[in-house]
Amino acid sequence: MHGPADGSPREVFGVFLKLGLTSFGGPIAHLGYFRDEVVVRRRWISEAAYADLVALCQFLPGPASSQVGFCLGVLRGGGLLGGLAAWLAFTLPSAVILTAFALGASALAGPLAAGALHGLKLVAVAVVAQAIWGMAKTLTPDRERAGIALVAVAITALTAGWFNQIGAIVIGALAGLWLCRSGQSAPLGRLRFVVSPRKGIVALALFAALFFIPVLLAGAMGGDSAFKGAITLFDAFYRSGALVFGGGHVVLPLLQAEVVAPGWVGNEAFLAGYGLAQAVPGPLFTFAAYLGAVMTPAPNGIAGALIALVAVFAPGLLLVYGMLPFWDALRLRPTAQAAMRGANAAVVGILAAALYSPVWTSAVLSPRDFALALAGFLLLTVWKTPPWVVVGVLAAGGIVLRLN
């Protein structure tokens, strides 16, 4: 499965910049845009190979649509440089928009701005509820996985700190080994990229090392310094990006635990930025750029946005690059499939807990707020309204509520 000889990182960058400017609607919609552009129109890859590539990226933690785009860049651009060109082009438009919003957020004042920001928080309620609705039907279709999701809700509600998300995912995976062995899907073929096993092992080793090196460096540095702040920021976003199973919305509770709980970002600003992230094209993970820019401790601003953006994407890209040489062997193992079923069911529970706190408790403050959030949910789920339209409607509704 090799790309045509005339492929280049420059060509990849141009194609994915167009996709980054026009791909609205979240990761599932992004995969449809990718298929239309690179399978149907440009024929970089066959239909069966594309489906197999999507299966790999959904199996691994991380932002699935960005991982698929990265792999398509590796294929067409002749290696790692092509993959990075695809990721940068697809990510850049939404990252720039969200960073600019963060830098100008302090200038927003008055009842109109306050109403619009409250409307964005209600968008977050509608979007997270929609994500749970869709993910539950796919990832918890039976009693066993529904039970795993319920246990994950309990773990998240009864424990504090970073362990509640990690613990829920680990326990879900272990329960999946026991309860979720049935219904294995047949492999779709073979997925072959020009990535050697040696390069894959190096990427996987770097993925693991970055879990521990930033913590050790920050612990060894006394006092407060700009470098220590940067390392701590990188560690928080890297750890969040490494634990996202089941879609970009799952990053919400992980990032909330990392930046709101210690007081780096206020809950109001957090939810307003998350609501705005629904209105921009490209990957939802660029919400990290907004958080890095708006946070109180240094580094913030543009430097904070860059660190947070690279850190939250790095684990997913390292994992998928490292797994490319080994995917054909791994996907044949029933234990791996069962563990992932359990972990994905736990993700539904984690997101359900996040819908209540902080999303619901911070945004729905009155019956009118509830009615507006419900309207957004119905627009998304029943009338299939594009997310950017829902953002505009609820922001306007927030203004109307504030003025009355």
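Author: Buried means under 20% relative accessible area. The model here is predicted.

Reader: What makes helix 13 largely enclosed by the rest of the structure?

Author: Count its residues. In helix 13, residues 287–294, 7 of the 8 are buried, so the rest of the structure largely encloses this helix.

Reader: Which residues of helix 13 are buried?

Author: They are Phe287, Ala288, Ala289, Tyr290, Leu291, Gly292 and Ala293.

Reader: What do the buried residues of helix 13 pack against?

Author: Other helices. They pack against helix 5 (80–104), helix 10 (226–242), helix 11 (251–260), helix 12 (267–277) and helix 14 (301–323).

Reader: Why is Gln278 called buried?

Author: Gln278 sits in the loop between helix 12 and helix 13. Its relative accessible area is 10%. The cut-off is under 20%, so Gln278 counts as buried.

Reader: Which residues does Gln278 touch, not counting those up to four places away in sequence?

Author: Val123, Val127, His249, Leu284, Pro387, Trp388 and Val391. In addition, the side chain of Gln278 reaches the backbone oxygen of Tyr274 at 2.8 Å. A polar contact needs N or O atoms within 3.5 Å.

Reader: How do you know whether Leu374 is buried, partly exposed or exposed?

Author: Leu374 belongs to helix 17. Its relative accessible area is 36%. Buried is under 20% and exposed is over 50%, with partly exposed in between. Therefore Leu374 is partly exposed.

Reader: Which residues form a nonpolar patch with Leu374 on the surface?

Author: Tyr356, Trp360 and Phe370 join Leu374 there. Together the four have about 410 Å² of accessible area. Helix 16 (334–363) and helix 17 (367–381) each supply at least two residues of this patch.

Definitions and conventions: Residues numbered from 1 in each chain as written. Predicted model: local features only at pLDDT ≥ 70, side-chain atom pairs only at ≥ 80, totals over all residues. Heavy atoms only, no water. Patch = residues over 30% accessible without salt bridge, like charges linked within 9 Å, V, L, I, M, F, W, Y side chains within 5 Å. Areas by Shrake-Rupley, 256 points an atom, 1.4 Å probe, with all protein chains shown as cover. Salt bridge = Lys/Arg side-chain N within 4 Å of Asp/Glu carboxyl O. Helix = DSSP H or I, 4+ residues; strand = E, 2+ residues; numbered from the N terminus. Buried < 20%, exposed > 50% of the residue type's maximum accessible area, 1.4 Å probe, protein only. Contact = heavy atoms within 4.5 Å. Polar contact = N/O pair within 3.5 Å; in protein donor to acceptor, adjacent residues only side chain to side chain.
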